[in-house]
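Here is a short round of questions on one sheet and its surroundings. Have the sequence and the 3D view at hand.

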Amino acid sequence: MIDFGNDWTEILKDEFTKDYYITLRNFLKEEYRKYTIYPDMYDIYNALRLTAYGDVKVVILGQDPYHGEGQAHGLAFSVKEGIPLPPSLRNMYKEIYAETGNVQPESGDLTRWAKQGVLLLNTALTVRAGEANSHSGKGWEIFTDTVIKKLNEREKPVVFLLWGRNAKTKEALITNPNHKVFTAAHPSPLSAHNGFFGCDHFNAANRELVLSGEMPIIW
């Protein structure tokens with residue numbers, strides 16, 4: 001069992017004895033032994049450690065971790081301090097500035113969002129160096145779908161921001177009318193001009209939070 005240091009520990013405890021997770025764990029042991037895997041094994045669950053279940057206000061769903069050296073640290077779209085901004089994150093910062101006028105820091109470390117209640121969850125939580133999607137289909141999707149389903153059960157509203165085709169497939173898991181889902185194109189340079197720029201999602205999320213009596217996120 002994984003201890004997240006918060007209420008996720010109890011909520012997800014049953015996952016770690018299921019067959020899919022035992023298979024995934026054995027796969028990861030071999031992968032970390034044979035290859036360079038991102039993020040560091042101690043950072044895999046940072047999104048859940050930093051944002052407790054009861055504190056989640058917004059979910060931003062990514063695909064899998066960055067696969068370049070020193071980038072991934074367990075938060076979707078985020079990179080470690082001192083690492084150049086990846087293109088998708090740079091476009092997210094551009095959209096935030098266009099919506100809010102907030103000038104973004106040079107740092108791409110989004111821990112500051114996580115601590116405000118933004119769950120930065122990738123669909124797969126690990127990846128082989130230089131090989132995007134190399135750990136997709138190994139069991140992570142079952143685990144992260146469970147995270148979404150558990151949030152869907154919650155009475156307190158959650159705002160889900162689903163960007164790109166892969167993230168949008170998760171909309172089917174969000175059936176509770178208390179929650180709000182916003183979809184748009186992915187912020188990648190390949191698709192950002194097809195509906196991510198101008199989506200107004202950061203403002204929209206905050207409007208929903210205020211309506212439900214929550215403090216807005218300082219983006």
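The questions and answers below concern a predicted model.

Q: In what order do the four strands of the open sheet run?
A: The sheet is open and its pairing is parallel. Neighbouring strands are turned by 20° against each other on average, direction ignored. The order is β3-β2-β5-β6.

Q: Which strands are the edge strands?
A: An edge strand here pairs on one side only. That holds for residues 118–122 and for residues 180–184. The edge strands are β3 and β6.

Q: How many bridges join β2 to β3?
A: The two strands run parallel. Across this pair, valine 59 stands opposite leucine 119 in β3. The number of bridges is five.

Q: Which residue in β5 is the bridge partner of leucine 61?
A: Strand β2 covers residues 58–62, and β5 covers residues 159–163. They pair in the parallel sense over four bridges. The partner of leucine 61 is leucine 162.

Q: Which residues of β3 point the other way from Val118, Leu120 and Asn122?
A: In a regular strand, side chains alternate between the two faces of the sheet. In β3, Val118, Leu120 and Asn122 point one way, and all residues on both sides are buried. Five of the five residues in β3 are buried, so each has under 20% relative accessible area. Pointing the other way are Leu119 and Leu121.

Q: At about what angle to β3 does helix α6 run?
A: Helix α6 spans residues 140–152. The helix lies across β2, β3 and β5. Its angle to β3 is about 150°.

Methods: Residues are numbered from 1 along each chain as its sequence is written. This is a predicted model: local features need pLDDT of at least 70, side-chain atom pairs count only at pLDDT 80 or more; totals for chains, interfaces and linings use all residues. Side-chain values use heavy atoms; hydrogens and water are left out. Two strands pair if DSSP finds at least two bridges between them. Axes are lines fitted to C-alpha atoms, for helices over the stretch in contact, and angles run from 0 to 180 degrees between N-to-C directions. Contact means heavy atoms within 4.5 Å. Buried means under 20% relative accessible area, exposed over 50%, partly exposed in between (1.4 Å probe, protein chains only).
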